[in-house]
Amino acid sequence: MLTGKTIVLGVTGGIAVYKAADLASKLTQAGAVVRVIMTKNALEFVTPLTFEALTSNSVIIDMFDTDAEHRINHIALSEIADVIVIVPATANVMAKITGGLADDMLTTTVLATHAPVIFAPAMHTAMWENPVTRENSAKLVNRGYYIIEPAVGRLASGGLGQGRLPETEVIISHIKMVLGQKGDLAGKRIVVTAGGTHEPIDPVRVISNRSSGKMGYALAEAARDRGAEVTLITTPTALNRPVGIRISEVETAVQMQKEVAKAVIDTHALIMAAAVADYQVAETSVNKIKKERGDLTLKLVHTPDILAEVKGTFLKIGFAAESQDLIANARKKVKNKKLDLVVANDITEEHSGFGADTNKVVLIGKDGMPENLAVMSKRAVADRILDRVVRLLVDQPKA
Ligand SMILES: Cc1cc2nc3c(=O)[nH]c(=O)nc-3n(C[C@H](O)[C@H](O)[C@H](O)COP(=O)(O)O)c2cc1C
């Protein structure tokens, strides 16, 4: 989704400036046209050559440059930008833009643009916590600018606190989210479940499964990047929390059912990508079960069938992880659970199923016709599923 997008990267004079080079590189690799504007103070930290080499574009610094090669209309970039992102954003640049100053190429471009503007502030904690910076930050948000909260951690200036530039991936997620706001799911609310449930045996042991949560997280991020308001109901996973998504954490099938029931009020689609246990332990032991000489028998009882039991007029999309009779079982699932779409995958196939970064799935709707997708990344699968969701929402808009 970054391909062909013009991203104006404003680089200001903070110690985290070197990380902006990584961002410029990753955005360029992703197919974006990156146009860098540096402040004069940023030049004290790095030379423009770094950005010019990484983006294959000249860097703009001086509004009054008379050198023909660098000469550019002072508002040219403000007009062609799909998004402007200031990384790192100094306390100084935030104050200047809050005050409407336009005394260099970056601030002039921001003042003149209709494109969304994202700030990634990075500074010493004391500067970030200073009431004037807090006030400027709030004013910028009120005016529709986006601020990526600085991370907490070790600061270059010494000490620990809030003020670190967030990781490049976090900044890229924000850029995608902002670019996607007018996407084909704009105004739609989507609930996604992810991960494998944990059914407790005792305070230390659980019954779980091999789901990594990757498919559900990819779906949540893809829906967000297409403009949807997303709620992700997730079990504990090793994945980073996606930005710009409402997260609800659960462990058991029963907890997930409760959260789903709350989340689907007024939703357009529920996508159940989580691997929900079919059975739970009948009586969870309050204390840790001691090792005895003999065998241990656990009585298991059914968990609720969340998808079959959930009520509402929203689209219902289920997953069927099968190791045999894939299509037949998926068709049965569509019918028995009254689903709009089932995403079936054969977990015995290579590059597919739990833990993998790729997936090979078959999409089966109410008509029972299988749409076989090739092996592709889970993110690409997510987008193909959402293509179907978009079409289904046109055919049967939510009341
Ligand atoms: C070594 C050094 C590191 C600095 N790091 C930061 C920083 O991380 N964040 C910040 O807001 N200012 C930082 N400053 C102060 C800014 O460089 C200063 O406010 C400058 O006026 C910013 O100019 P600009 O916003 O036009 O780029 C630092 C200054 C120095 C000398």
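Fifteen residues surround the ligand in this predicted model, and those that come nearest are Thr12, Gly13, Gly14, Asn41 and Thr90; a residue counts as near if its C-beta atom, placed from the backbone, lies within 6 Å of the molecule. Helix H4 (residues 91-98) supplies the largest share of this shell, three residues. By character, the shell around the ligand holds eight nonpolar residues, seven polar and no charged, where Ala, Val, Leu, Ile, Met, Phe, Trp, Tyr, Cys and Pro count as nonpolar, Asp, Glu, Lys and Arg as charged, and the others, Gly among them, as polar. Helices (H or I, at least four residues) and strands (E, at least two) are DSSP runs, numbered from the N terminus.

Turning to the sheet, eight strands form an open arrangement with mixed pairing, in the order S12-S11-S8-S13-S16-S17-S19-S20; strands pair if DSSP finds at least two bridges between them. Strand S12 (246-249) and strand S20 (370-372) are the edges, each pairing on one side only. From one strand to the next, the twist averages 20°. Strands S8 (residues 189-194) and S13 (residues 269-272) run parallel and are joined by four bridges, with Val192 opposite Ile271 in S13.

Helix H9 (residues 214-225) packs on the sheet, touching S8, S11 (229-234) and S13, and its direction makes about 165° with that of S8. Contact here requires C-beta atoms, placed from the backbone, within 7 Å, and angles run from 0 to 180 degrees between N-to-C directions of axes fitted to C-alpha atoms, for helices over the stretch in contact. Helix H10 (residues 253-263) lies across S8, S11, S12 and S13, at about 170° to S11.

Residues are numbered from 1 along each chain as its sequence is written. As the model is predicted, local features need pLDDT of at least 70 and side-chain atom pairs count only at pLDDT 80 or more, while totals for chains, interfaces and linings use all residues.

Technical notes. Two residues are in contact if their C-beta atoms, placed from the backbone, lie within 7 Å.
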